[in-house]
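Open your viewer and get ready to click along. We will go from the whole chain down to single residues.

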Amino acid sequence: MATYYCCEGGTAASLAAASLGGGGDPADVSKCASIAKVNTGTGGVGGAALGAGDVVYFSTIGGDFTARLQPAKGGAAGNPITYANLPGQTPAATWTSSNSVLHGRDAANDAAASYVTYDGFTHVG
């Protein structure tokens, strides 16, 4: 199980670089992953993909999230991948009537999005 940090405009070179043990820092955009990197779910600690029990904390350091979060990987029964607010922060995700930034499921990634938990986000719009 690993912990990662994500923020709007994050520029960390990889998920591993945005991890708790890899120098990730939720107060520094250059040490947070972008949503695009989180969506691929690859390049994590030890080269591993996001997996069961991993947590991705979303920081408000880069402002409101506008990119679409659509995980390519899911966790396992009783051990989901968790996408959550950084404790003490409430990240905002832009919402439109046709597209949620916090998407997670559709016909293309239905199985991949199984066992995923979202916690602590505010929708704006």
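Here is a tour in four stops.

This is a predicted model, so local features need pLDDT of at least 70 and side-chain atom pairs count only at pLDDT 80 or more, while totals for chains, interfaces and linings use all residues. Residues are numbered from 1 along each chain as its sequence is written, and side-chain values use heavy atoms, with hydrogens and water left out.

**Stop 1: the whole chain**

Select everything and colour by secondary structure. You should find one helix and six strands, where helices (H or I, at least four residues) and strands (E, at least two) are DSSP runs numbered from the N terminus. Going along the sequence, the pattern reads β-α-β-β-β-β-β.

Now switch on the surface. The chain exposes about 5700 Å², with carbon and sulfur atoms supplying 54% of it; such areas come from the Shrake-Rupley method with a 1.4 Å probe, and for residues only the protein chains shown count as cover. Of the 125 residues, 38% are buried, meaning under 20% relative accessible area (1.4 Å probe, protein chains only).

**Stop 2: the sheet**

Select the strands of the open four-stranded sheet, in the order β1-β2-β3-β5, and see that the pairing is parallel. Why do β1 and β5 (116-119) each have one side without a neighbour in the sheet? They stand at the edges, so each has a single partner strand. On average, neighbouring strands here are turned by 20° against each other, direction ignored; the axes are lines fitted to C-alpha atoms, and angles run from 0 to 180 degrees between N-to-C directions.

Zoom in on β3 (residues 81-85) and β5, which run parallel and are joined by four bridges. Two strands pair if DSSP finds at least two bridges between them. Click I81: opposite this residue, in β5, stands V116.

**Stop 3: a serine in a loop**

Next, select S19, in the loop between β1 (3-6) and α1 (35-40). Is S19 buried or exposed? Its relative accessibility is 2%, so S19 counts as buried. Leaving aside neighbours within four places in sequence, S19 is in contact (heavy atoms within 4.5 Å) with T3, Y4, G24 and V45.

**Stop 4: the cysteines**

Finally, show C6, whose sulfur is 6.5 Å from the closest cysteine sulfur, in C7. Then show C32: its closest cysteine sulfur is also in C7, 3.5 Å away, too far for a bond. A disulfide is a pair of cysteine sulfur atoms within 2.5 Å, and by this rule the count is zero. Both C6 and C32 are buried at 0% relative accessibility.

Key:
Buried means under 20% relative accessible area, exposed over 50%, partly exposed in between (1.4 Å probe, protein chains only).
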